[in-house]
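Me: I'd like to go through this one and ask how each label is earned. Can you set the values against the cut-offs for me?

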Amino acid sequence: MSILVVGSVAFDSIRTPSGAVDRCLGGAATHFALAASFFTQVRVLGVVGEDFTAEHEAIFHARGIDTNGIERVAGNCFHWTGEYRENLNEAHTLRTDLNVFEHFQPKIPDAYQDSEFLFLANIDPVLQHQVRRQMPRVRMVCGDTMNYWITGHQQGLARVLRDLDVLLINDGEAKLLGEEANLVRAAERIMRMGPKALIVKHGEYGATAFFGDHSFPGGVRNRFFRAPALPLAEVVDPTGAGDSFAGGFFGYLASQPEITPGQFKRAMFYGGVMGSFAVERFGTERMQALSREEIDQRFASFQELSHFDAE
Ligand code: AMP
């Protein structure tokens with residue numbers, strides 16, 4: 001089973017209460033791909049500039065990720081500059097330099113046409129839509145977006161939402177998109193825009209899934225499911241937590257023969273596990289050093305964290 005991900009492959013300059021890094025490898029597609037690669041085969045569609053070197057590419061290859069869909073053009077990679085203050089759940093964007101993404105026209109390599117799963121990572125909704133249209137036969141499509149696109153690119157986003165199976169967004173973004181201060185009502189409004197299910201990420205507090213009438217062929221008994229996040233004594237850099245959550249979630253689902261409500265919930269736990277690792281170091285550092293064994297151990301901690309037997 002293969003996941004095709006389209007999104008930013010970037011350099012990030014980040015300041016957090018724990019320190020700062022300048023131009024470390026990042027980007028939504030990068031964080032997603034690294035996390036998902038622990039569960040399934042991942043292919044990346046994106047664009048980079050001359051500042052993306054063989055060393056950067058080796059980070060993908062070390063995890064077996066297919067980078068043939070990353071186009072190289074003159075110029076510099078997408079560059080995001082941001083900071084986190086006391087509230088680590090809230091990223092403040094200081095600069096967004098689209099650079100090579102400004103003129104990106106996604107072309108899907110023939111060898112990627114048989115991808116069964118598609119992840120539209122955070123990127124211009126116009127590009128997300130172009131990719132979606134070129135992959136009409138995929139089994140499942142998940143997507144992500146952020147306030148930058150919700151406020152400035154509504155029309156393009158509305159087109160993408162129409163044919164999404166699952167949308168993953170932060171709670172603040174869900175309220176912005178649903179134009180509703182109440183999350184349940186915001187979620188209902190968003191599902192009416194297209195997505196069959198919605199996952200709302202609450203940063204250090206976990207994530208909630210909202211299900212609708214079309215989420216699963218047989219319907220669902222409960223409309224909500226909440227997966228925890230692991231309480232951590234130190235969060236070094238929250239950048240990429242959301243994409244790593246998405247990678248764990250979708251990577252696990254793609255590795256399963258069938259997508260049932262039970263598997264969906266389990267996948268949310270794997271999302272939480274991957275997000276919790278991502279924030280332990282700056283950039284992609286933690287994912288590069290991670291092992292499958294650590295993932296399994298942390299999955300067990302997540303189960304313990306949220307399980308009890310009535311006495
Ligand atoms: P998250 O997982 O939500 O923390 O996403 C972090 C990644 O998103 C960073 O590595 C950034 O490079 C990337 N990013 C930030 N802003 C944008 C944007 N407007 N479009 C695409 N990618 C972005």
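Reply: Sure, and E280 is a good place to begin: E280 sits in the loop between helix 9 and helix 10 (285–289), where helices are DSSP runs of H or I, at least four residues, and strands are E runs of at least two, numbered from the N terminus. Keep in mind that this is a predicted model, where local features need pLDDT of at least 70, side-chain atom pairs count only at pLDDT 80 or more, and totals for chains, interfaces and linings use all residues. Residues are numbered from 1 along each chain as its sequence is written, and side-chain values use heavy atoms, with hydrogens and water left out.

Me: Why is E280 called buried?

Reply: Buried means under 20% relative accessible area, exposed means over 50%, and partly exposed is in between (1.4 Å probe, protein chains only). E280 has a relative accessible area of 18%, so E280 counts as buried.

Me: What makes the pairing of the E280 and R286 side chains a polar contact?

Reply: The term takes a pair of N or O atoms within 3.5 Å; within protein, one must be able to donate a hydrogen and the other to accept it, and residues adjacent in sequence count only if both atoms are side-chain atoms. The side chains of E280 and R286 are joined at 2.7 Å. E280 also makes a side-chain polar contact with R298, at 2.8 Å. Leaving aside residues up to four places away in sequence, E280 touches L232, V236, R286 and R298, contact being heavy atoms within 4.5 Å.

Me: Is D97 buried or exposed, and how do you know?

Reply: D97 comes in at 17% relative accessibility, so the label is buried. D97 belongs to strand 7 (residues 91–97), and its side chain makes a polar contact of 2.8 Å with the side chain of R95. Beyond four places away in sequence, D97 touches C77, F78 and H79.

Me: Why does C77 not form a disulfide with C24?

Reply: A disulfide is a pair of cysteine sulfur atoms within 2.5 Å. The closest cysteine sulfur to that of C77 is in C24, 12 Å away, so the two are too far apart for a bond. The structure as a whole holds 0 disulfides.

Me: And what makes C77 buried?

Reply: The relative accessible area of C77 is 1%, so C77 is buried. C142 is buried too, because its relative accessible area is 0%.
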